[in-house]
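Hi,

Here is the structure I promised to send over. Have a look at it first, and then read on for what turned up.

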Amino acid sequence: MTTVVISGANGRMGREVIRAISKESDIQLVGAVDLGEVGQDAGVLAGIGATGVILSNDLASVLEEVKPQVMVDFTTPAVVADNVRLALDHGVRPVVGTTGMSQEDLADIRERCRKKGLGGVVAPNFAIGAVLMMAFAETAAKYFPAAEIIEMHHDQKLDAPSGTAIKTAENIARVRHDHRQNENTEVTKIDGVRGGAFNGGIRLHSVRLPGLVAHQEVIFGGQGQTLTIRHDSISRESFMPGVILAIRKVTELHELVYGLENLIFE
Ligand code: NAP
């Protein structure tokens, strides 16, 4: 039995994870942390009925009290890194879906995992389709000289560009041989525009609209042709098989793994 505390348990993703865990016989929810609805039953908030796990707003006390094997974090970019450091200090393995963590924090967490010999998973996208979209984009990048990424999310998302878009751009930049950026377009910088050039000149564009969940198009341009690779998460359930897989696998790891592909394409 793998025991889990969820940080951000009353958020959209946190509640989805509670529902997903309740269907697994080998994973047990033992603690739930969020800022709102403190004192309420986490299962009731997630719509599955009472679980006996009461929402707390004090992660350190919960980790000390219930001593879980794993902490799943779906909170906000501002608090995720400190939550992960706290978990590692308590010998708890982090499974992180929260996006927007800085490269410095990621490097620090990687080092802390290494020093403690503790496993951890940070995945900008837990949907298998998104992982495949990134893998297909990496393949296409070897054959097309130019690419731009359009990511589209619901209007409550706090960070832009998305972690998935950044990771896709990193992958494309790593494998491409001959990149030709469009240097002819005159770029006017306007405050509030969501978009910009990433490493290697790959442009990222962020759309935020009600009605969307999580979507991304990677558009490649070449001689007389374009190739578009697109993934749509039409419900948050799309992320759950990946989260469950990470909870199971993280207990066997002894270092930080960044990206679900490293658990799927072994
Ligand atoms: P959300 O609905 O806003 O949920 C975040 C929750 O965290 C809120 O309930 C918030 O409480 C709570 N929170 C804030 N600070 C906290 C703290 N210090 N300790 C504990 N809880 C805290 O957001 P969401 O849509 O679930 O998304 C959460 C994160 O997951 C985002 O970064 C999003 O980009 C990411 N995400 C990742 C994937 C993936 O596959 N990796 C998929 C979807 C989303 P308050 O509302 O009271 O502040």
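One term before we start: a salt bridge here is a side-chain nitrogen of Lys or Arg within 4 Å of a carboxyl oxygen of Asp or Glu. Please also keep in mind that this is a predicted model.

The chain splits into domain 1 (2-122 + 237-264) and domain 2 (128-234). Their contact takes 13 residues from domain 1 and twelve residues from domain 2. The C-alpha centres of the two domains are 28 Å apart. About 1000 Å² is buried between domain 1 and domain 2, and carbon and sulfur atoms give 60% of that. How many salt bridges are counted between domain 1 and domain 2? The count is one. If you want to zoom in on a salt bridge, try Lys-167 and Glu-261, whose side chains meet at 2.5 Å, N to O. Four residue pairs are also in polar contact across the interface of domain 1 and domain 2.

The structure as a whole holds 14 salt bridges. Arg-248 is worth a click, with two acidic partners to look at. With Glu-24, the closest N and O atoms are 2.7 Å apart. Glu-24 sits in the loop between helix 1 and strand 2 while Arg-248 is in helix 8, so this pair ties together parts 224 residues apart in sequence. Arg-248 also meets Asp-26 in a salt bridge, again given as 2.7 Å, N to O. Asp-26 is in that loop between helix 1 and strand 2, so its pairing with Arg-248 links parts 222 residues apart in sequence. As for exposure, Glu-24 is partly exposed at 26% relative accessible area, Asp-26 is partly exposed at 27%, and Arg-248 is partly exposed at 34%.

Elsewhere, Asp-82, Arg-85, Asp-105, Asp-108 and Arg-112 are linked in a network of salt bridges.

Back to helix 1 (residues 12-22): its buried residues are Met-13, Gly-14, Glu-16, Val-17, Ile-18, Ala-20 and Ile-21. They pack against strands 1, 2 and 4 and against helices 2 and 8.

Last stop is strand 9 (residues 203-208). Which of its side chains are buried? Leu-204, Ser-206 and Arg-208 point to one face and are buried, whereas Arg-203, His-205 and Val-207 point to the other and are not. Strand 9 pairs with strand 7 (residues 146-153) in the parallel sense over six bridges, and there Arg-208 is the bridge partner of His-153. With strand 8 (residues 195-197) the pairing is antiparallel, over three bridges, and Gly-196 stands opposite Leu-204.

Cheers

Key:
Residues numbered from 1 in each chain as written. Predicted model: local features only at pLDDT ≥ 70, side-chain atom pairs only at ≥ 80, totals over all residues. Heavy atoms only, no water. Buried < 20%, exposed > 50% of the residue type's maximum accessible area, 1.4 Å probe, protein only. Helix = DSSP H or I, 4+ residues; strand = E, 2+ residues; numbered from the N terminus. Contact = heavy atoms within 4.5 Å. Pairing = 2+ DSSP bridges. Domains from an automatic or database assignment. Buried area = accessible area lost by both parts, 1.4 Å probe. Polar contact = N/O pair within 3.5 Å; in protein donor to acceptor, adjacent residues only side chain to side chain.
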